[in-house]
Amino acid sequence: MNLVVFIGIALIFGSVPPTLSYGVNGGVQCAACTIVSGIFGQVAEIHSTDILNISLNICDHLFGPSTNNACRKAVQILEPLLFLLIELQGKVTPDTLCYALNICHQDHGEKVCHLFPVPSNNLLQSEIELVKIKVKPILEGWYGTDDHSKGKNICELPGVRDLCAYLSTIWDGMEPAYDFDGDKFSSSEKWRGSHWRGRDCFDVNSDIYPGRRPYYADVNFDANCNGIWGLDKEAGIPWETKFCAASKSRGIVMFGDSVGAHFHFPSAWFNPALISKDAIFKNPTGVLLDEFDWPQYSFSTGFKNITDPELIQGHVDSIYLRMRKRNLCNHRDYQNVCRNGATSFDLVKNVKNIARSFNDKPLTILLGVFGNDVCNRFPDTLKNMTSTKQFYKNIMQVIQSLEKTLPAKSHIALIGLVNGSFIYDTLSERLHPIGEYHGNVRYKDVFKWFECMQISPCNGWLSENKSIRDATTKRAVELSHVMKYIATSYISKNISLSYVPNPLTQVINNWAKKGGEVWQLFEPIDGFHPNQVAQPIIADILWKTLKSTAPESIGPINPHNKEILKMFGDQGGH
């Protein structure tokens, strides 16, 4: 199995930046080991004779066909374990293997956690002891004859250390990795590049970037990268002045968490029948570099048609595309400044990553932390939710920071929190993708397993206890009321604010009226991020709300759009 995906799976359910050390009984590392062992075992059933070649082939997709790449080295070092998995397939569960490797363990005072069905804890323990005998020579080959009873960290495994360091580097910052002039815009797509912010049309000059005001009417070059520049020689007027000066053009920013970033883990990577196919792993590096996020297809800043249907399917529509269609002078003026797992506390720190100054064009900012202020992994989940008082303080601090830098006539739309009360009832009895092949793992099993290891992305809404789910919803409603209060009471001479109810409830209702089922709107792996089917519906609802309650946030229709299209075509594309 692809080892980079192995580590990536350790992160996806929490949708958080890579911290591979939290939880109990092995926590995230245990989850990664169990899930990947489960998938790998299913692959082994289908492709047992080719399992090593499949793994090496996936490595080549990731790092190129070189015998020296880190992934190949890791697979070769772990080869004895791969073949032990094949030998044990159907005889023990993935839980058993990971306990035998001491990646999973039972901490003092904690319950034994298992994902896959076992007849009893006593039988699980006896199976673990038998597998430990088989695993012992492998561990001694890796670590010597030291005591192996202590829990192991995934990143301590031989061959995996370099991959852990690689992922930490990839996911460390929120600014483009390739930004040669330091203006926070890039000419490269991935790694926080133009998938996240409008493409820099001249990445060696920090005075040229999307969203700035024209430089001397952009007669000589395209300073704001919207593809409109030069001089109408017949009229003696710069094209930028003729087409854009009076158009009230503006940019769009999505500022928030994984929902705003459009988190998506390809479900095909959980399908043992597809894992061996080249198309499924044709672009794994790109998925990793974008942190399992797909802002280029999102409801807020999506801008391109889907080009990898093996990994993600659906239609693309967004607030940015509609603002661009309304005024072609808005071309490339978008930013997605979202971070997986972000709370209102994180927004206070992340606000500095929005690229805008007083002298630039106005911005419309969609500010939304959809659930992380009420979602946490702790057993006493209610005590660990953000209080209304602290939430008010955080959001106010963000707004006050923005007001110091935003151009005049900018607008901030505060989006309320999601009501996640539908998640458990909708999904609990459905088979999770990890259990579809054998029909043995349901979403409620995954939820309970995560709760046992204290790594749940949202103990409140994924709990089998309805009272806890209801209390979580109550706090989410309270925090939404805080957003609404701020939007209606904040006074500013420079910017305007509005409140937008979270659109997901209306998305679900509209979908149900058309005969759809709720689960069809959400990511199958985690069960609660809106999928590509939901993205354009969210965009449509948000757009209609903004148009009716804050029309200044989307700007007027530019009467010169047809002339711009005729003169400048696709304006240089995205």
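The following exercises concern disulfides and one helix pair in a predicted model.

Residues are numbered from 1 along each chain as its sequence is written. Local features of this predicted model need pLDDT of at least 70, and side-chain atom pairs count only at pLDDT 80 or more.

**Exercise 1.** Determine the handedness of the disulfide between Cys30 and Cys104.

*Solution.* A disulfide is a pair of cysteine sulfur atoms within 2.5 Å. The sulfur atoms of Cys30 and Cys104 are 1.9 Å apart. The torsion about their S-S bond is about 95 degrees, so the disulfide is right-handed. Cys30 lies in helix α2 and Cys104 in the loop between α6 and α7, 74 residues apart.

**Exercise 2.** Determine the handedness of the disulfide between Cys113 and Cys452, and state which parts of the chain the pair ties together.

*Solution.* The sulfur atoms of Cys113 and Cys452 are 1.9 Å apart. With a torsion of about -80 degrees, the disulfide is left-handed. Cys113 lies in the loop between α6 and α7 and Cys452 in helix α16, so the pair ties together parts 339 residues apart in sequence. Both cysteines are buried (under 20% relative accessible area).

**Exercise 3.** Classify the packing of helix α12 against helix α20.

*Solution.* The helices (DSSP runs of H or I, at least four residues) pack at an angle of about 55 degrees, with their axes 9 Å apart. That makes α12 oblique to α20; angles under 35 degrees count as roughly parallel, over 145 as roughly antiparallel, 65 to 115 as roughly perpendicular and the rest as oblique. The contact (heavy atoms within 4.5 Å) includes Arg322 and Met323 of α12 and Asp540 and Trp543 of α20.

Terms used
Heavy atoms only, no water. Axes fitted to C-alpha atoms, helices over the stretch in contact; angles between N-to-C directions. Helix = DSSP H or I, 4+ residues; strand = E, 2+ residues; numbered from the N terminus. Buried < 20%, exposed > 50% of the residue type's maximum accessible area, 1.4 Å probe, protein only.
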